[in-house]
Each structure stands twice: as C-alpha cells, then as structure tokens.
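Me: I'd like to learn how to read a two-chain model, step by step. Could you walk me through it?

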Amino acid sequence: MKVETVKKLVQENLKDDKSKITADAVLLITEVLNVFVAEAACRSAKQADRDSSPVVTREQFEKILPQLVSFGFLTVNDASQEMDPKPRHN
Amino acid sequence: MSTITREIIYIVRHRKICVTEKMENPEKENYEKLAYVQRLKAAVHYTVAEICEERGKECDVTFAKQVISALSEATFRYSQMMSRDLELFAKHAKRSTINTEDVKLLVRKSPQMLMHIQDLCDRREAASSSKKQRKKKTSRKDPQEDEDDK
C-alpha cells in the first residue's frame with residue numbers, strides 16, 4: 001500500500017478540518033492495512049485449500065469474513081448500516 | 001492602505017468566484033469529490049490485487065475478481081472507520097494531530113498486531129534519533145573542518 005494513498009484516504013475522512021496526522025502515524029496505518037489485506041488473503045487461501053478448490057471464490061471469502069470481524073478489524077454494525085440498498089445483479 | 005484594499009478586493013473576488021461556481025453548478029463539487037473517492041478506491045483495489053497475487057503464489061491458489069473487489073471494499077471501509085476512530089482518539093487526548101500513540105491504541109485488541117506495530121514504531125524512532133545524532137555530529141564537525149581548512 002502506498003503511503004501517499006493512505007494519507008489521502010485518512011485525510012478524506014477527517015471531519016474536523018483542524019485535525020492533522022503525523023508522517024509516522026501514516027506509516028503505521030499503512031502497515032496495519034497491509035497486514036489486514038495479507039491476513040484476509042491468507043485466510044481465504046487456506047479456506048480454498050480446505051475446500052480443495054484452486055480458485056478463491058466469494059464463498060470462501062464469505063466464510064472468513066466473520067473472522068476478520070471477530071479480530072476487531074471490522075464491525076458488524078458499520079457494515080450493516082452502510083450496506084448498499086441496491087439489489088445485487090449476479 | 002493599498003495592500004489592505006487589494007487584499008479585500010482579492011477576498012471579495014475570490015468569494016464571488018466561489019459563490020458563482022456553487023450557484024452555477026451546485027453538484028459540481030459533489031461530483032468532483034465522488035471522482036476523487038473513486039480514484040482512491042481504484043488505488044486501493046490495485047494494491048489489494050497485488051497483495052492477493054503475491055499471497056496466492058505462496059499458497060498456490062488464484063483469487064477470483066469478486067473476492068479482490070470485495071476485499072478492497074472492506075479495506076476501504078476499514079480505513080474509513082480507522083480514520084474516524086483516530087480522530088476521536090486524538091480529540092480525547094486534547095490534540096488536533098493524530099499521533100503514533102493513537103494508532104497503537106487502535107490496534108490494541110490484537111496483541112500480535114500491537115507487537116508488530118510497536119516494533120515498527122520503535123525501529124522508526126531509533127532510526128530518526130540516530131539521524132538526528134548524525135546531523136548533530138555533522139553540524140559539530142563542519143565548523144571544525146572549516147577551521148582546519150583555514
């Protein structure tokens with residue numbers, strides 16, 4: 001993950017204009033996000049291995065999503081509130 | 001006097017421009033922001049795809065496109081949540097600048113992550129302090145060298 005991108009991401013979501021962020025903090029957030037993605041990827045890859053499928057599909061990803069929630073990465077509340085009301089086109 | 005009037009004129013003009021722009025296209029700003037967010041999402045998507053490919057090679061699997069887009073969306077949401085929390089933490093500590101301490105507080109719930117982040121932070125601090133020392137040393141050395149040259 002690029003540091004610049006993360007900085008923009010964080011600054012985009014700051015509600016107070018006065019708030020700023022130090023360069024070191026941005027670096028740490030970048031690392032946290034990297035670990036988050038790697039963790040999710042590894043878990044879903046493992047799940048695919050267990051299901052003996054060579055491709056990680058949505059099914060496997062859905063299975064490991066609650067694990068990410070339980071580790072405090074995501075909250076259930078937030079996801080359900082901001083869920084798209086549009087119907088899915090499969 | 002003239003500089004003040006010039007400033008006032010500038011402010012008035014600037015405001016006028018802003019107002020007219022808003023009056024003419026009330027949704028223009030909204031669209032611009034949306035485009036910006038879309039670009040950020042695209043950047044996140046790209047990196048997530050890269051990381052997934054890397055991990056997939058290790059475990060000998062490939063990732064479906066749906067998974068990558070779902071994961072990048074999750075990452076985006078996670079970063080949103082994180083920035084909100086960080087802002088609140090900083091505010092609680094009566095600061096307006098988000099610090100490394102806030103990030104450590106954010107990841108306290110997963111001990112391994114906390115250890116990792118702490119380690120990274122310590123290393124970074126050590127590096128910066130050694131840099132400062134080096135700077136000090138060089139600044140001390142410089143005048144001596146100058147004297148030697150003389």
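Reply: Gladly; we will go through the interface, one chain, and then a few single residues. Keep in mind throughout that this is a predicted model.

Me: How much area do chain B and chain A bury between them, and on which atoms?

Reply: The general idea comes before the number. Interface size is often expressed as the accessible area that is lost when the parts come together. Here chain B and chain A bury about 4,600 Å² between them, and 72% of that lies on carbon and sulfur atoms. In residues, chain B brings 48 to the contact and chain A brings 47.

Me: Which polar features should I look for next, and how many salt bridges are there between chain B and chain A?

Reply: The count is 1 salt bridge. It joins the side chains of Asp24(A) and Arg124(B), with 2.6 Å from N to O. For polar contacts, the count between chain B and chain A is 8 residue pairs, both residues being at pLDDT 80 or more.

Me: Which elements of chain B give two or more residues to the side that touches chain A?

Reply: On chain B, they are α2 (28-59), β1 (62-63), α3 (65-92), β2 (97-98), α4 (100-106) and α5 (111-149). Of these, α3(B) gives the most, with 18 residues. Sorted by class, the side of chain B that touches chain A holds 28 nonpolar, 13 polar and 7 charged residues.

Me: Strands can pair too. In which sense do β1 of chain A and β2(B) pair?

Reply: The sense is parallel: strand β1 of chain A (residues 20-21) pairs with β2(B) over 2 bridges. To find a partner on your screen, start at Ile21(A), whose bridge partner in β2(B) is Ile98(B).

Me: Now for a chain by itself. What pattern does chain A follow along the sequence?

Reply: Reading along the sequence gives α-β-α-β-α-α, which comes to 4 helices and 2 strands in chain A. Burial and contact range add to that picture. Chain A has 90 residues, of which 39% are buried. Among its contacts between residues at least 6 apart in sequence, 44% join residues at least 24 apart.

Me: Let me try a single residue. Is Asp102(B) buried or exposed?

Reply: A residue under 20% relative accessible area is called buried. Asp102(B) is at 3% relative accessibility, so it counts as buried. This residue lies in helix α4 of chain B. A polar atom of the Asp102(B) side chain lies 2.9 Å from the backbone nitrogen of Asn99(B). Leaving aside residues up to four places away in sequence, Asp102(B) touches Leu86(B), Phe89(B), Ala90(B), Arg95(B) and Thr97(B).

Me: And backbone angles? Where is Ser52(A) found, and what is its phi?

Reply: When you go through phi values, note positive ones in residues other than glycine. Ser52(A) is such a case, with phi near 45 degrees. Ser52(A) is found in the loop between α2 (23-50) and β2 (55-56) of chain A. With a relative accessible area of 66%, Ser52(A) is exposed.

Me: What is the phi of Lys94(B), and is that residue buried or exposed?

Reply: The phi of Lys94(B) is near 60 degrees, again a positive value in a residue other than glycine. Lys94(B) has its place in the loop between α3 and β2 of chain B. At 78% relative accessibility, Lys94(B) counts as exposed.

Key: Residues numbered from 1 in each chain as written. Chains lettered and ligands numbered in written order. Predicted model: local features only at pLDDT ≥ 70, side-chain atom pairs only at ≥ 80, totals over all residues. Heavy atoms only, no water. Contact = heavy atoms within 4.5 Å. Buried area = accessible area lost by both parts, 1.4 Å probe. Salt bridge = Lys/Arg side-chain N within 4 Å of Asp/Glu carboxyl O. Polar contact = N/O pair within 3.5 Å; in protein donor to acceptor, adjacent residues only side chain to side chain. Nonpolar A, V, L, I, M, F, W, Y, C, P; charged D, E, K, R; others polar. Pairing = 2+ DSSP bridges. Buried < 20%, exposed > 50% of the residue type's maximum accessible area, 1.4 Å probe, protein only.
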